[in-house]
Amino acid sequence: MSTHSDTKKITTNTLQRMKENGEKISMITAYDYSFAKIFDAAGIDVILVGDSASNVMAGHETTLPITLDQMIYHASSVIRGIDRCLVIVDMPFGSYQSNSKEALFSAVRIMKETGAHAVKLEGGEEVLESVKRIISAGVPVMGHLGLTPQSIYKFGTYTVRAREEEEAEKLRKDAKLLQEAGCFGIVLEKIPASLAKEVSESLVIPTISIGAGKYCDGQVLVMHDMLGITTEFKPRFLRQYLNLQKIITKAVKQYIGDVKAKDFPNDQEQY
Ligand code: KIV
């Protein structure tokens with residue numbers, strides 16, 4: 001069977017066609033050249049250079065500290081590793097919230113300095129003017145609703161969002177507004193599957209779930225979580241495909257042992 005994963009370059013139009021054809025969209029985060037190269041060659045549809053880099057690459061507790069310059073560094077490294085997948089870059093906290101002019105300036109820097117294909121930013125009605133201004137400059141925008149980690153100090157907790165009707169209603173409205181503004185897709189994070197289903201079915205553009213269930217048009221996971229590099233983070237929505245922490249620890253211990261035992265390097269491993 002031929003899937004869109006076989007086609008040369010994935011674009012925002014490809015994602016739209018995938019939704020129309022009922023083909024699920026696969027998305028994973030990456031922050032550097034080497035992993036991006038592996039994921040792209042494996043056939044991933046979309047790489048998200050997430051501001052989760054703040055957590056998994058820099059060791060911060062939240063996504064708030066990462067800067068625009070740091071996101072640009074990660075994104076340009078990812079771009080050098082890929083051939084065919086779509087690369088979306090998170091606009092970091094503080095790079096778009098003040099006004100739409102600042103938002104456009106930040107988006108333009110990302111596009112110019114990284115070679116990425118699109119940006120993602122968090123929020124609905126509050127950021128609508130910025131979304132419109134970025135899109136009017138020709139930059140594709142992905143929205144992000146539900147649990148929006150840049151607002152963690154407003155929420156106070158990383159628990160499931162929009163369980164209550166008032167918040168669910170705002171999310172429905174925000175999703176429509178983002179679609180009308182021209183977003184090519186929306187990430188739905190940690191909301192009830194029934195609400196994500198309703199929103200996904202009501203929109204023409206694709207939705208991508210992280211903890212929003214199986215009815216969305218695609219799924220995204222943070223690479224460190226799904227590969228088991230970070231093992232302390234185990235939310236219910238996470239499927240861990242590998243325990244890389246265990247595998248790496250075993251390999252590094254073996255290497256240490258070989259060095260200490262004067263087994264490495266041997267005669268064939270030297271000049
Ligand atoms: O930063 C990130 O990795 C994200 C995903 C959780 C969607 O925004």
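**Exercise 1. Place Phe 264 in this predicted model and describe its surroundings on the surface.**

Step 1: location. Phe 264 sits in the segment that follows helix H11 (244-260).

Step 2: exposure. Its relative accessible area is 38%. Buried means under 20% and exposed means over 50%, with partly exposed in between. Phe 264 is therefore partly exposed.

Step 3: the patch. Phe 264 belongs to a nonpolar surface patch together with Ile 248, Val 252, Tyr 255, Ile 256 and Val 259. The accessible area of these residues together is about 530 Å².

Step 4: the domain. The domain assignment gives domain 1 (3-240) and domain 2 (244-271). By these bounds, Phe 264 falls in domain 2. The centres of domain 1 and domain 2, taken over C-alpha atoms, are 39 Å apart.

**Exercise 2. Work out which strands form the barrel and how E1 fits into it.**

Step 1: strand order. Eight strands close into the barrel, in the order E1-E2-E3-E4-E5-E6-E7-E8, and their pairing is parallel. On average, neighbouring strands of this sheet are turned by 25° against each other, direction ignored.

Step 2: the E1-E8 pairing. Strand E1 (residues 25-29) pairs with strand E8 (residues 218-221) over four bridges, in the parallel sense. Two positions show the register. Ser 26 stands opposite Gln 219. Met 27 has Val 220 as its bridge partner.

Step 3: the E1-E2 pairing. E1 also runs parallel to strand E2 (residues 46-49), joined to E2 by three bridges. Here Ile 28 stands opposite Ile 47.

Step 4: burial. Four of the five residues of E1 are buried, so E1 is largely enclosed by the rest of the structure.

**Exercise 3. Trace the salt bridges of Lys 170 and compare the settings of the residues involved.**

Step 1: the cut-off. A salt bridge needs a side-chain nitrogen of Lys or Arg within 4 Å of a carboxyl oxygen of Asp or Glu. The count by this rule is 13.

Step 2: the partner outside the helix. Lys 170 meets Glu 126 at 2.6 Å, N to O. Glu 126 lies in the loop between strand E4 (118-120) and helix H6 (128-136), while Lys 170 lies in helix H8 (residues 165-181). The pair links distant parts of the chain, 44 residues apart.

Step 3: the partner inside the helix. Lys 170 also meets Asp 174, at 2.7 Å, N to O. Both are in helix H8, four residues apart, so about one helical turn separates them.

Step 4: exposure. Glu 126 is exposed, at 55% relative accessible area. Lys 170 is partly exposed, at 38%. Asp 174 is buried, at 5%.

**Exercise 4. Show what Arg 172 contributes to the contact between H8 and H9.**

Step 1: the bridge. The side chains of Arg 172 and Glu 198 form a salt bridge of 2.6 Å, N to O.

Step 2: the elements. Arg 172 is in helix H8 and Glu 198 is in helix H9 (residues 193-202), so the bridge ties together parts 26 residues apart in sequence.

Step 3: exposure. Glu 198 has 37% relative accessibility and counts as partly exposed.

Step 4: the network. The pair does not stand alone: Glu 165, Glu 169, Arg 172 and Glu 198 are linked in a network of salt bridges.

Methods
Residues are numbered from 1 along each chain as its sequence is written. This is a predicted model: local features need pLDDT of at least 70, side-chain atom pairs count only at pLDDT 80 or more; totals for chains, interfaces and linings use all residues. Side-chain values use heavy atoms; hydrogens and water are left out. Patches are made of residues with over 30% relative accessible area and no salt bridge: like charges are joined within 9 Å, nonpolar side chains (Val, Leu, Ile, Met, Phe, Trp, Tyr) within 5 Å. Accessible areas come from the Shrake-Rupley method with a 1.4 Å probe; for residues, only the protein chains shown count as cover. Helices (H or I, at least four residues) and strands (E, at least two) are DSSP runs, numbered from the N terminus. Buried means under 20% relative accessible area, exposed over 50%, partly exposed in between (1.4 Å probe, protein chains only). Two strands pair if DSSP finds at least two bridges between them. Axes are lines fitted to C-alpha atoms, for helices over the stretch in contact, and angles run from 0 to 180 degrees between N-to-C directions. Domain bounds come from an automatic or database domain assignment.
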